[in-house]
Amino acid sequence: RGIRKIFNIKIFGFNLERKELYEKINKRVDIMFKKGALKEARELLSEKLSITSQKAIGIKEIKDYLDNNISLDEAKETMKKKTRRFAKRQLTWFRADKSIKWIDLGKTSQKEAINKMISK
């Protein structure tokens, strides 16, 4: 890792209790729908999407809803579930990197925790 020999690099990860993280994910999906996820997905689906874009969380679920294969509530719940699973996979991946210094946001205020870790 060449750049680490040249610079004093610090990598930080933010950690929440899983229950709190999942609540935030669920709330975020609800907000996305309130702010126009259906309209945005319709516009995207009218274009030729790359294979990667077609696999983005939400595209298939909203397409299934628009095609009358599932209800809107089912689309939302599936998006929430897939996003929670993705977050879990991300955490597993990043936790394997021992150079990451984790900041537990559930135990102190965010500002305090960040300042404390970065100033070390």
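**Exercise 1. In which helix do Glu-77 and Lys-80 both lie, and how many residues apart are they?**

*Solution.* Start with the ground rules: this is a predicted model, in which local features need pLDDT of at least 70, side-chain atom pairs count only at pLDDT 80 or more, and totals for chains, interfaces and linings use all residues. Residues are numbered from 1 along each chain as its sequence is written, and side-chain values use heavy atoms, with hydrogens and water left out.

Step 1. Find the helix: Glu-77 and Lys-80 both sit in helix α6, three residues apart, or about one turn. Helices (H or I, at least four residues) and strands (E, at least two) are DSSP runs numbered from the N terminus.

Step 2. Check the contact: the two side chains form a salt bridge, with N to O at 3.4 Å. The term stands for a side-chain nitrogen of Lys or Arg within 4 Å of a carboxyl oxygen of Asp or Glu.

**Exercise 2. Work out which other residue joins this pair in a network.**

*Solution.* Step 1. Look at Asp-30: its side chain meets that of Lys-80 in a salt bridge of 3.0 Å, N to O.

Step 2. Place the partners: Asp-30 belongs to helix α2 (residues 18–34) and Lys-80 to helix α6 (residues 72–95), so this pair ties together parts that are 50 residues apart in sequence.

Step 3. Put it together: salt bridges link Asp-30, Glu-77 and Lys-80 in a network.

Step 4. Compare exposure, where buried means under 20% relative accessible area, exposed over 50%, and partly exposed in between (1.4 Å probe, protein chains only). Lys-80 is buried at 8%, while Asp-30 is partly exposed at 28% and Glu-77 is partly exposed at 45%.

**Exercise 3. Describe the salt bridge between Asp-64 and Lys-60.**

*Solution.* Step 1. Take the distance: the closest N and O atoms of Asp-64 and Lys-60 are 2.8 Å apart.

Step 2. Take the spacing: both are in helix α5 (residues 59–66), four residues apart, which means a separation of about one helical turn.

Step 3. Take the exposure: Asp-64 counts as buried at 18% relative accessibility, whereas Lys-60 counts as partly exposed at 46%.

Step 4. For context, the whole structure holds six salt bridges.

**Exercise 4. Which elements give two or more residues to the lining of the largest pocket?**

*Solution.* Step 1. Get the volume: the largest pocket has about 270 Å³. On a 1 Å grid over the protein atoms alone, a pocket is an open set of points where a 1.4 Å probe fits, with protein on both sides within 12 Å along at least five of seven lines; lining residues have an atom within 4 Å of a point. Grid points are joined across faces, edges and corners, and the volume is the space filled by probe spheres set on the points.

Step 2. Find the centre: of 17 lining residues, Phe-14, Leu-21, Ala-87, Gln-90 and Leu-91 are the closest to it.

Step 3. Name the elements: β1 (11–15), α2, α6 and β2 (100–104) each give two or more residues, and α6 has the largest share, with six.

**Exercise 5. Turn to the second largest pocket and find which element gives the largest share of its lining.**

*Solution.* Step 1. Get the volume: about 190 Å³.

Step 2. List some of the lining: among the residues are Met-32, Glu-40, Leu-44, Ile-62 and Met-79.

Step 3. Name the elements: α3 (37–45) and α5 each give two or more residues, and the largest share, four residues, comes from α3.
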